[in-house]
Amino acid sequence: MTQPTKYVYDFSEGDKDQRDLLGGKGANLAEMANLGLPVPPGFVISTEACRAYLSAGKEPDGLVDEMSEHLDSLERAMGKQLGQPDDPLLVSVRSGAKFSMPGMMETVLNVGLNDESVAGLARKADGDERFAFDSYRRLLAMFGSTVLGVDPAAFHEALEDLKKERKTENDLDLDVDDLRELVATYKKQIKDHTGDDFPQEPRTQLDLAVRAVFDSWNTERAVLYRRQERIPGDLGTAVSVVSMVFGNGGMDSGTGVAFTRDPASGAQGVWGDYLQNAQGEDVVAGIRNTVPLADLEDIDKDSYDELMHIMQKLEEHYQDLCDIEFTVERGKLWMLQTRVGKRTAEAAFRIACQLVDQGLIDMDEAVRRVTGDQLTQLMFPRFDSDADRELIAKGMNASPGAAVGKAVFDSSTAVAWAERGDDVILVRRETNPDDLSGMVAARAILTSRGGKTSHAAVVARGMGRTCVCGAESLDVDVAQKQFVSRGGVTVSEGDVISIDGTTGEVFADEVPVVDSLVVRHFEGEDEVESDELVDAVQRVMAHADDARRLEVRANADTPDDAARARRFGARGIGLCRTEHMFLGKRKSLVEALIVAESSEEQEDALAELLPMQRDDLVGILESMDGLPVTIRLIDPPLHEFLPDLTELSVEVAIEDDRGDKSRRHHKLLGAVKRLHEQNPMLGLRGVRLGIVIPGLFAMQARAILEATAARLEAGGDPQPEIMIPLVATVQELELVKTDITRVAKEIEEEHGLDLSFKVGTMIELPRAVMASGEIAEQAEFFSYGTNDLTQMTWGFSRDDVEASFFSTYLEKGIFGVSPFESLDRDGVGQLIRHSVEKGRAARPDLHLGICGEHGGDPDSIHFFDEVGLDYVSCSPFRVPVARLEAGRAALMGRASD
Ligand code: PEP
Ligand code: MG
């Protein structure tokens, strides 16, 4: 008999490694409870339950009963029942997925309160009715919006109206009668909106709240966030049901957030925000201004000392920066959440090395703790400190980077302006989850309220957006679409501002930006060596380089790019696209080749192209002296070098009309018509060109090998590899190889030299994958062209689909990320795996690389390591990222040994 699935877990049944099943929040609550920390009792409903609920549209069999059992034991432990009229047990119902999705899903607090138990709560709180009604109105607002679908703005407005009537801006000035009135208003709003009364039955409240949390997995903003963060759409969320502790019971209570280190810089110290007499999301929502956590020492020394002790214990236990949510209930500290905290890229590198120096982790682990995406962020430019600039405000340095853009004050404008190509900076008093689309579209975010743990700060850091928050000296008026600085500078919608997320500074107008210190370090500038961040990056990179098995090359077509790639650590070129040497002024020569009407004309055109191509290649081989340079013969369809058919036809027609017929134009038009294809990507390109146009590939082979000879004669060590594109069958390769061998012999004789070079092919067609065994017999190396291989495998036109239907595919979760961006492991990846096996079986020393865009994508690099490629090749700027990820891939493999 199969065991029924278990859906609900006590804290004692879980631990921090069960994030898959219990979500990050549930797993870490369990871990803290098991460490003996003060965690309010509760239980966790698993992600498995959520997945089952979402697929069936109803609670899976057994869930409701299991919840009843766990609720019973919670009630026994607490000595009271959910919503018990004279002394109610109240619970919080919180979402918590495997990966943190701050503010994206729902939470309902104070579940179990109703018209009767609110009086019991007041009696138990020493007759504090204000506290009881404050808790009730919070339940109504959260439940009303989250579970019953009432617009949260309606509740917010009612609260604001009441405060206006009472002539105050502070919720704490509302007395019990005001809160009673608010409760009545909220209940009426719920009735008006849903047609039903607010459910008074506590268990019904609990069941509906759990459902709402499950459903919140699929809200628009959660889907958008997951797409942005590349979190798979099918994980589901767990739900923690935890007995309530109250931070809103008076000034000896409060709620706060803390970090064991500064998540922006990595510095050790006391970091966080505290808010007296407040509950739940008040701190992160930035509704009232918080005090720095250090002030808690004066407010409540015992709780502060205990918190410091716990924070140290957590950091040692997790061996990492932890972030924490806590509540003080009438002088008693409770831990509500912890997790390994998000941090900026800069902090990630610094903290990893600090932890090594403290003996908490080793260098292998330090490399695993940072990511290629974080390194990319450190390579962003920063503001030129020598430039003239007008500082108009200083806020908190919530997420680093230097951003220049037009100020916009609402999300829809941010999206619309970004779509038309403007760089925008979203300016708000504070952000909330509804601002997500604007935050995604903006280059940076600026808020006037909220601390480093505010929604704006947390989300911006997660997305790698520059963010300055809590710039309190700015008076932001969203309705008027402007802000005014304390010094009187007015910035209106569309005005350009510059914000520095590393220092928290806000400048009027555009401030010039300069290369990042880390880039300057990669460029070999000595003066940056003493910088602590650069030092951390250098240590991590050196260790990643030692650890990695994959070699890293660059895609580069010019000597400058090649030289830069080499400075960034590339060990050769994996793809030099020779057609890029046919652009610019040389386009007319290619045109002459295409329109040639006789073999003499064709040979003349090729003869003119030859020296140019050779000279370019001499420069590239020189930049990469001693390292392999893979030079690919011309690939794209020839029409790309010709004018547009319609435009040229119109031009010719006008000329004909005027009577000044141009023979050249007529010839050109003939060629354009002849070469016109319905599907050029599937047409005359790659090796097919070399076979159809006599002399073309021979000319290119001559250019490569003459450049090689020139470098040898100059005392260099050129290591060319000639690569044939778009091969489908071995016969194509054999034909081209014959030409190359002939040309090589001629040049060897002309120069009296022995030339050493390899000939290999790209594997970018499914047929080539299937024929990899035969092809390997004729090829010394394969380079996977994953751009074309993805195009040809999915049947997606790489030039069109991303702009056409991909957004719908992403929305529907058909894939979480474009397969052109991150390798589709299950489809294209399996083809590569097959080809590797067949190729290596036929030729054991077959050298294998990848030169599609995926060569610089972290997740794809891990796959290429796994299937045993020898190298990845990517754009020069991504070379350090690829080195780091190749090191991480090797170390991750070892970690799981
Ligand atoms: C590829 O197809 O992956 C590739 C590198 O070639 P190109 O992008 O030039 O077609
Ligand atoms: Mg290609």
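Start by selecting Ser-772 and Ser-835: their side chains make a polar contact with each other at 2.8 Å. Keep in mind as you go that this is a predicted model.

**Stop 1: around Ser-772**

Stay on Ser-772 and show its backbone neighbours too. The side chain of Ser-772 also reaches the backbone oxygen of Val-769, at 2.7 Å. Now colour helix 30, residues 772-778, and you'll find Ser-772 in it. Is Ser-772 buried or exposed? With 0% relative accessibility, Ser-772 counts as buried, because the cut-off for that is under 20%. To see what it touches, leave aside residues up to four places away in sequence and select Ile-763, Phe-782, Ser-835, Lys-838 and Gly-839.

**Stop 2: helix 22 and helix 23**

Next, select residues 587-595 for helix 22 and 599-623 for helix 23. Their axes lie 8 Å apart and the packing angle is about 155°. That makes helix 22 roughly antiparallel to helix 23, and their crossing is left-handed. Show side chains where they meet: helix 22 brings Leu-589, Val-590, Ala-592, Leu-593 and Val-595, while helix 23 contributes residues including Ala-605, Leu-606, Leu-609 and Met-612. Sort the residues of this contact by type and you get 9 nonpolar, 1 polar and 2 charged.

**Stop 3: helix 23 again, now with helix 27**

Keep helix 23 on screen and add helix 27, residues 696-713. How do these two sit relative to each other? The axes come within 8 Å and cross at roughly 40°, so helix 23 and helix 27 are oblique to each other. This crossing is right-handed. On the helix 23 side, pick out Leu-610, Arg-614 and Leu-617, which are among the residues that meet helix 27. Across from them, helix 27 offers Met-699, Ala-703 and Ala-707, among others. The contact of helix 23 with helix 27 has 12 nonpolar, 3 polar and 5 charged residues.

**Stop 4: helix 5 and helix 7**

For the last stop, jump to residues 129-146, which are helix 5, and residues 176-194, which are helix 7. Here the axes come within 9 Å and cross at roughly 20°, so the two helices are roughly parallel. Helix 5 passes helix 7 in a left-handed crossing. Try showing Phe-133, Tyr-136 and Leu-140, which are among the helix 5 residues in the contact. Then add Leu-179, Val-183 and Tyr-186, which are among those from helix 7. The residues of this contact divide into 10 nonpolar, 1 polar and 6 charged.

Definitions and conventions
Residues numbered from 1 in each chain as written. Chains lettered and ligands numbered in written order. Predicted model: local features only at pLDDT ≥ 70, side-chain atom pairs only at ≥ 80, totals over all residues. Heavy atoms only, no water. Helix = DSSP H or I, 4+ residues; strand = E, 2+ residues; numbered from the N terminus. Buried < 20%, exposed > 50% of the residue type's maximum accessible area, 1.4 Å probe, protein only. Polar contact = N/O pair within 3.5 Å; in protein donor to acceptor, adjacent residues only side chain to side chain. Contact = heavy atoms within 4.5 Å. Axes fitted to C-alpha atoms, helices over the stretch in contact; angles between N-to-C directions. Parallel < 35°, antiparallel > 145°, perpendicular 65-115°, else oblique. Left-handed = near helix turned anticlockwise from the far one by under 90°. Nonpolar A, V, L, I, M, F, W, Y, C, P; charged D, E, K, R; others polar.
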